[in-house]
Amino acid sequence: TVESPDFDIVGNTDKGSSVTINGKIAKVDDGGLFKEKWQLNTGKNDLEVIARDLAGNETKKMVSITYSL
């Protein structure tokens, strides 16, 4: 549970991979680090993070974050 609606989603993936969060493209640096600001809604927020490498292989992760006033 977090107490602020502004949330940074941060992670690492393989160099050259792309990342989407709930379908939105995240910026990935040359080393594979991604960081995306996200505006949370009150209550439970389900996020699907998908990393795709240059060969087209995907890794998916579901994350739930609860925002409470």
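**A tour of the six-strand chain**

Start with the whole protein chain in cartoon view: from the N terminus on, its elements run β-β-β-β-β-β. That makes six strands and zero helices, where strands (E, at least two residues) and helices (H or I, at least four) are DSSP runs numbered from the N terminus. This is a predicted model, in which local features need pLDDT of at least 70 and side-chain atom pairs count only at pLDDT 80 or more, while totals for chains, interfaces and linings use all residues. Residues are numbered from 1 along each chain as its sequence is written, and side-chain values use heavy atoms, with hydrogens and water left out.

Keep the whole chain selected. Its C-alpha atoms fill a box of roughly 40 × 20 × 15 Å along the principal axes. Of the 69 residues, 29% count as buried (under 20% relative accessible area, 1.4 Å probe, protein chains only). Among contacts (heavy atoms within 4.5 Å) with a separation of 6 or more, 47% come from residues 24 or more positions apart.

Next, select residues 43–52 and 58–67. These are strands β5 and β6, which run antiparallel and are joined by 10 bridges; two strands pair if DSSP finds at least two bridges between them. Pick Val49: its bridge partner in β6 is Lys61. In a regular strand the side chains alternate between the two faces of the sheet.

Now move to the turn. Five residues lie between β5 and β6, which form a hairpin. Which residue in the turn has a positive phi? Select Gly56, where phi is about 95°.

Notes: Buried means under 20% relative accessible area, exposed over 50%, partly exposed in between (1.4 Å probe, protein chains only).
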